[in-house]
Amino acid sequence: MQLQKAINILKEQNYSCVVIKDDLVHCANGIGVKPIMQWLREDEAFFANAYVADKVIGKAAALLLVMAKAKSVYGKVMSESAIAILEKYHIRYEYDTKVSFIANRTNTGMCPLEQSVVAIDAPNEAYIAIQNKIAELMSSK
């Protein structure tokens, strides 16, 4: 019920990420995992038992949401590796479109954050790898 409500808000109001926790609705528009990372940095318990609907859920986002103890996850687009992670950690999920991987913004290859966690299945390790990759990408701008 709560996940469906988050999905409806995501689709009807065109947010990039919607989180419902304790009957409170949190909405964001941001590229990639930016909203997830911002909420995690503000409060590491933000996603605990939350229902998360996002436009794109790749392995990086899935690992972050596992680490943050999300209850249920929906991705309008979800990668096969994200599905594998959510199944491994017994998190309920739904998606509209399954893809083999999340592409970068220019559609010339894999998303750099996805690349940073290709060989990682441990959520805490993934969080560090994702932070490092974001710092690297920001410094090269």
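What follows is a friendly conversation about how the labels on this predicted model are justified.

Trainee: Let's start with Asp 23. What makes Asp 23 exposed?

Mentor: The relative accessible area of Asp 23 is 60%, and exposed means over 50%, so Asp 23 earns the label. Asp 23 is found in the loop between strand 1 (17-21) and strand 2 (24-28).

Trainee: What makes the pair Asp 23 and Gln 2 a polar contact?

Mentor: Their side chains are joined at 2.7 Å. The cut-off is a pair of N or O atoms within 3.5 Å, so 2.7 Å qualifies. For a separation of another kind, take Asp 23 and Ala 62: they are 39 residues apart along the chain, and their C-alpha atoms are separated by 22 Å.

Trainee: Gln 2 also belongs to helix 1. How do you know that helix 1 has close to its expected length?

Mentor: Helix 1 covers residues 2-13, which is 12 residues, and reaches 16 Å from its first C-alpha to its last. At 1.5 Å a residue, 16 Å is expected, and the two values agree closely.

Trainee: Which residues of helix 1 are buried, and why are they said to share a side?

Mentor: The buried ones are Gln 2, Leu 3, Ala 6, Ile 7, Ile 9 and Leu 10. They cover an arc of only 160 degrees around the axis, so they sit on the same side of helix 1. As background, an α-helix has 3.6 residues a turn, so residues three or four places apart point the same way.

Trainee: Now helix 2. Why is Trp 39 called buried, while Gln 38 is called partly exposed?

Mentor: Both lie in helix 2, Gln 38 and Trp 39. Trp 39 has a relative accessible area of 11%; buried means under 20%, so Trp 39 is buried. Gln 38 is at 41%, and partly exposed is the range between 20% and 50%, so that label fits Gln 38.

Trainee: How far apart in space are Trp 39 and Val 52, and how far apart are Gln 38 and Met 1?

Mentor: C-alpha to C-alpha, Trp 39 and Val 52 are 12 Å apart, with their positions 13 residues apart in sequence. Gln 38 and Met 1 are 37 residues apart in sequence and 26 Å apart in space.

Trainee: Phe 47 is in a loop. What makes Phe 47 buried?

Mentor: Phe 47 is found in the loop between helix 2 and strand 3. Its relative accessibility is 0%, and the limit for buried is under 20%, so Phe 47 is buried. Phe 47 and Lys 69 are 22 residues apart in sequence, yet 6.1 Å apart C-alpha to C-alpha.

Trainee: On to the loop between strand 5 (92-99) and helix 5. Why is Asn 104 buried and Asn 107 exposed?

Mentor: Asn 104 lies in that loop, and so does Asn 107. At 17%, Asn 104 is under the 20% limit and therefore buried. Asn 107 has 63%, which is over 50%, so Asn 107 is exposed.

Trainee: What does the side chain of Asn 104 reach?

Mentor: The side chain of Asn 104 reaches the backbone nitrogen of Asn 107 at 2.8 Å and that of Thr 108 at 2.9 Å. Each distance is within 3.5 Å, so each meets the distance limit for a polar contact.

Trainee: What is notable about phi in Asn 107 and in His 90?

Mentor: Asn 107 has a positive phi of about 55 degrees although it is not a glycine. Phi of His 90 is near 55 degrees, again positive in a residue other than glycine. His 90 is found in the loop between helix 4 (80-88) and strand 5. At 74% relative accessibility, over the 50% cut-off, His 90 counts as exposed.

Trainee: Last topic, the largest pocket. What is its volume, and which residues are closest to its centre?

Mentor: The volume is about 880 Å³. Of the 27 lining residues, the closest to the centre are Ile 31, Gly 32, Val 33, Arg 105 and Leu 113.

Trainee: Which element gives the largest share of the lining, and what classes of residue make up the lining?

Mentor: Helix 2 gives the largest share, four residues. Strand 3 (51-57) and helix 6 (123-139) are among the elements that each supply at least two. By class, the lining has 14 nonpolar, six polar and seven charged residues.

How values were computed: Residues numbered from 1 in each chain as written. Predicted model: local features only at pLDDT ≥ 70, side-chain atom pairs only at ≥ 80, totals over all residues. Heavy atoms only, no water. Buried < 20%, exposed > 50% of the residue type's maximum accessible area, 1.4 Å probe, protein only. Polar contact = N/O pair within 3.5 Å; in protein donor to acceptor, adjacent residues only side chain to side chain. 1 Å grid on protein atoms, 1.4 Å probe; cavity = no way out; pocket = protein on both sides within 12 Å on 5 of 7 lines; lining within 4 Å. Points joined across faces, edges and corners; volume = space filled by probe spheres on them. Nonpolar A, V, L, I, M, F, W, Y, C, P; charged D, E, K, R; others polar. Expected span 1.5 Å × (residues − 1). Arc of directions from axis to C-beta.
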